[in-house]
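Me: I would like a close look at a single part of this model, the place where two chains meet. Please keep the account plain and work from the overall extent down to individual pairs.

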There are 2 protein chains.
Amino acid sequence: MRRLVVVGGVAGGASAAAKAKRTDPGLEVVVYEKSGYVSYGACGLPYFLSGEIPRLEALVARTPEEFRKQGVEVHTRHEVVDVNYEDRVLTVFDHENRRTFQDRFDLLVLATGARPLVPSLPGTEQEGIYTLRSMEDGARIKEALEGARRTAILGAGYIGLEVAEAFRKLGKEVTLLEAKDRPLPQADPEVSALVKQELEAHGVEVWTGVRATALRGAGRVEGVETDAGFVPADLVLLAVGIRPNTALAQAMGVALGPTGAIATDERMRTNLEGVFAAGDVAESRHLVLERPYWLPLGDVANKHGRTAGSVIGKEEARFRGVVGTAIFKAFGLAVATTGLSLEAALKEGFRAKAVQIQSRDGAHYYPGTHPLHVRLVYEEGTGRLLGGAVVGHMNAALRIKVLAALLHQKGTVEDLLALDLAYAPPFSPVWDPLLVAAQQVK
Amino acid sequence: MRRLVVVGGVAGGASAAAKAKRTDPGLEVVVYEKSGYVSYGACGLPYFLSGEIPRLEALVARTPEEFRKQGVEVHTRHEVVDVNYEDRVLTVFDHENRRTFQDRFDLLVLATGARPLVPSLPGTEQEGIYTLRSMEDGARIKEALEGARRTAILGAGYIGLEVAEAFRKLGKEVTLLEAKDRPLPQADPEVSALVKQELEAHGVEVWTGVRATALRGAGRVEGVETDAGFVPADLVLLAVGIRPNTALAQAMGVALGPTGAIATDERMRTNLEGVFAAGDVAESRHLVLERPYWLPLGDVANKHGRTAGSVIGKEEARFRGVVGTAIFKAFGLAVATTGLSLEAALKEGFRAKAVQIQSRDGAHYYPGTHPLHVRLVYEEGTGRLLGGAVVGHMNAALRIKVLAALLHQKGTVEDLLALDLAYAPPFSPVWDPLLVAAQQVK
């Protein structure tokens with residue numbers, strides 16, 4: 001019997017294990033996960049913090065018991081600490097019983113995920129300082145929130161912004177500290193400006209272009225020292241980025257790609273026969289840049305895992321890649337981006353330009369509509385679409401998916417303008433905002 | 001000075017006039033519109049009836065005065081009754097002053113729109129029986145609603161369904177009568193079933209497979225006789241379909257296409273040099289069927305008009321065609337369709353199949369999400385996407401735009417499955433419902 005071992009069971013790993021077993025029921029499938037949970041929606045943690053999701057366990061898609069019923073053996077609190085690829089043997093540390101044992105495999109999926117960066121500042125080891133990545137992190141912060149009144153968040157990326165909202169919903173004071181000159185610095189300044197406005201309208205204090213220099217406190221954090229002054233805080237969240245957990249892969253001889261994550265082909269195979277990678281530890285191909293790209297997001301991880309599982313089960317499957325689509329909610333604002341920002345496109349050497357328009361998400365006369373902003377980044381001359389952003393009220397921003405589809409097809413602004421996009425007064429102005437933006441391109 | 005006359009000023013005509021003048025300010029532009037209004041959103045009339053839009057005039061995008069300021073001469077209540085193409089002369093009847101006069105043109109846009117069908121039943125000439133097409137229709141029905149308690153709507157297409165909602169919002173009894181076996185008969189039965197459920201949940205009585213045989217009353221309507229019984233009603237809306245207003249075009253020698261609407265090329269030119277057509281009176285090309293198709297919708301009309309205006313102003317512009325995308329709201333449900341239904345695809349000779357799934361419009365653990373249904377119609381063997389439907393809560397159904405974009409590109413289910421569509425818990429399950437549907441295709 002072929003034995004598949006999956007290292008890491010959150011998103012990529014859980015998907016790979018489930019799909020492999022479904023595709024090839026004759027396969028022995030074992031998952032080792034070092035945390036206490038498998039198959040959970042880490043993206044939901046900010047909504048657990050805010051109280052919108054009352055029970056942490058609600059984030060779990062499939063419990064170890066459910067996996068077992070499907071014939072997948074799951075071991076939580078089990079950390080794979082070494083892999084001997086030659087002999088197809090791995091060493092596992094059981095955190096529960098504090099013992100080490102060995103297991104064998106024929107096939108291996110590395111789904112070891114990513115870890116939050118901790119900035120090298122004095123004072124980060126104190127109490128009251130957190131990162132948010134695992135279910136355990138979520139539980140810890142939730143508990144700590146009870147005693148906290150003033151909070152500081154380092155880093156204004158997705159996690160920082162989502163947690164800022166959660167903390168405000170709980171009535172906490174929130175200061176958001178970002179080293180770059182704007183929140184959501186991966187987006188263009190015109191998009192960040194909309195985000196900043198929304199944050200400030202909801203009482204988040206936004207400090208940009210600010211470097212933290214130390215976390216002050218005497219064992220328990222009291223605030224953040226920055227080059228722009230001191231921010232008092234009872235609770236500090238570090239959300240300055242993540243890195244792929246590649247140590248195990250590197251130690252066993254699995255090659256990393258140019259991004260620093262594990263290199264894979266379209267079937268999620270690594271350089272070692274029988275070894276796959278999936279999820280935040282693995283690269284994807286960027287279909288606009290046409291080169292490897294690291295996009296550590298939940299939907300991508302699931303696609304990686306499903307592809308790896310299918311291939312392991314000997315079903316034809318490929319993961320073509322990503323165009324870099326993301327969406328998140330900042331209070332009442334949905335912020336969706338795809339492809340390249342203008343800044344990124346120019347840095348990549350494209351002769352790129354951008355247009356950005358403000359329209360509405362319903363007919364001019366329809367009650368209760370909201371502003372909707374569309375940004376297009378395109379190549380001068382060819383009109384090829386390179387990226388875009390849609391910012392507005394909740395699901396109106398789902399229009400980003402249209403831009404994503406066009407990026408997959410290497411479509412042009414002209415192609416966008418030709419689209420038959422559906423109109424009715426509650427859903428759109430008669431000219432869809434995407435088309436209004438496309439019309440601005442000369 | 002070249003003189004452009006636009007016949008009809010609602011959507012296609014208003015767009016053509018405005019765009020032509022903007023593109024070539026040296027052009028003389030005159031619009032004749034037989035009703036009392038130009039440039040209005042007829043699609044908003046149901047929301048005027050419901051009271052959600054309090055003032056009828058709110059539907060107007062651009063008043064005659066605003067047109068005049070832009071150098072476009074607009075005459076409402078002026079009906080073009082004859083065109084002498086040879087001499088480039090037209091005859092106009094001024095309804096206000098009840099006089100006839102002549103005008104000349106170098107260029108002509110026919111934007112005469114469409115008219116509601118009145119079924120040939122005994123009793124349709126009575127009071128209390130309406131069609132909904134113009135602003136004047138809207139005003140008349142609104143007034144009549146004050147005395148009405150029981151209403152009947154003949155025809156369960158978009159208009160019938162939207163008005164059913166409006167009448168229910170006003171607390172009227174509503175019986176919806178449809179000759180075919182389901183509401184929204186242009187969609188597949190599985191989509192109609194969702195619509196029917198929503199209608200009934202909101203107190204609309206839905207009679208399907210029912211033929212009206214007469215409108216009973218003694219000068220004022222009292223109800224609808226049908227082959228399934230009598231439906232008492234103080235107010236009856238006839239919403240059984242529309243036909244293009246082609247009489248003027250035919251009389252002057254403009255060729256109609258196979259659909260019965262005016263045939264045009266990608267530049268909205270008719271068979272007569274200098275004569276263009278735009279809006280509900282004109283055909284479009286259907287990019288899935290690859291033949292002319294009549295899609296009398298507001299957004300299409302605006303695209304027609306803009307294209308005609310650009311071409312007249314000597315700017316490069318083409319209208320490539322439609323894929324048949326539409327969206328409408330039935331109470332809490334947004335119903336969006338694109339391309340071919342399974343029924344239509346099979347009738348067209350495609351080896352078509354369909355899948356339909358139910359998912360949700362947010363992560364399983366996120367509060368306040370709603371069911372979301374996705375239907376895909378595709379060609380067996382090639383996997384080519386032929387059509388689809390998305391039915392769910394409001395803007396979640398905007399995902400239809402992705403399917404529309406794929407239809408424009410002649411994409412496959414495989415292409416759909418490959419899309420990087422953006423995920424965050426408030427917006428989508430980790431597998432977007434579009435992808436869940438694509439996964440069901442074997």
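How many residues of chain B are in contact with chain A, and how many residues of chain A take part?

Reply: The model is a predicted one. In it, the contact takes in 61 residues of chain B and 61 residues of chain A. The two chains bury about 5,500 Å² between them, and carbon and sulfur atoms account for 62% of that area. On the chain B side, B:K401, B:D420 and B:F427 contribute more than any other three residues, namely 15% of the area that chain B buries against chain A.

The polar part of the interface can be listed next. Between chain B and chain A there are 20 residue pairs in polar contact, counting pairs with both residues at pLDDT 80 or more. As for secondary structure, five elements of chain B each give at least two residues to the side that touches chain A: the helices α8 (298–312), α10 (400–408), α11 (413–417) and α12 (433–440), and the strand β21 (326–330). Of the residues on that side, α10(B) supplies the largest share, seven residues. By class, the side of chain B that touches chain A consists of 37 nonpolar, 12 polar and 12 charged residues.

Four salt bridges cross the interface of chain B and chain A. One pair to inspect is B:K401 with A:D432, a salt bridge whose closest N and O atoms are 2.6 Å apart. B:K401 is also one of the three residues named above for their share of the buried area.

For context on the partner, chain A is divided into domain 1 (3–34 + 58–114 + 243–312), domain 2 (118–240) and domain 3 (326–440). By its numbering, A:D432 lies in domain 3 of chain A. The C-alpha centres of domain 1 and domain 3 of chain A are 35 Å apart, and their contact takes seven residues from domain 1 and nine residues from domain 3. These two domains of chain A bury about 630 Å² between them, 60% of it on carbon and sulfur atoms. Within domain 1 of chain A, the residues that lose the most area to domain 3 are A:L287, A:V288 and A:L289, which together make up 69% of what that side buries.

Two salt bridges cross this interface between domain 1 and domain 3 of chain A. A:E348 and A:R291 form a salt bridge through their side chains, at 2.6 Å from N to O. Three residue pairs are in polar contact across the same domain interface, both residues being at pLDDT 80 or more. The side of domain 1 of chain A that touches domain 3 has four nonpolar, one polar and two charged residues.

Note on methods
Residues are numbered from 1 along each chain as its sequence is written. Chains are lettered from A and ligands numbered from 1 in the order in which they are written. This is a predicted model: local features need pLDDT of at least 70, side-chain atom pairs count only at pLDDT 80 or more; totals for chains, interfaces and linings use all residues. Side-chain values use heavy atoms; hydrogens and water are left out. Contact means heavy atoms within 4.5 Å. Buried area is the accessible area (1.4 Å probe) that two parts lose on being put together, summed over both. A polar contact is a pair of N or O atoms within 3.5 Å; within protein, one must be able to donate a hydrogen and the other to accept it, and residues adjacent in sequence count only if both atoms are side-chain atoms. Helices (H or I, at least four residues) and strands (E, at least two) are DSSP runs, numbered from the N terminus. Ala, Val, Leu, Ile, Met, Phe, Trp, Tyr, Cys and Pro count as nonpolar, Asp, Glu, Lys and Arg as charged, and the others, Gly among them, as polar. Domain bounds come from an automatic or database domain assignment.
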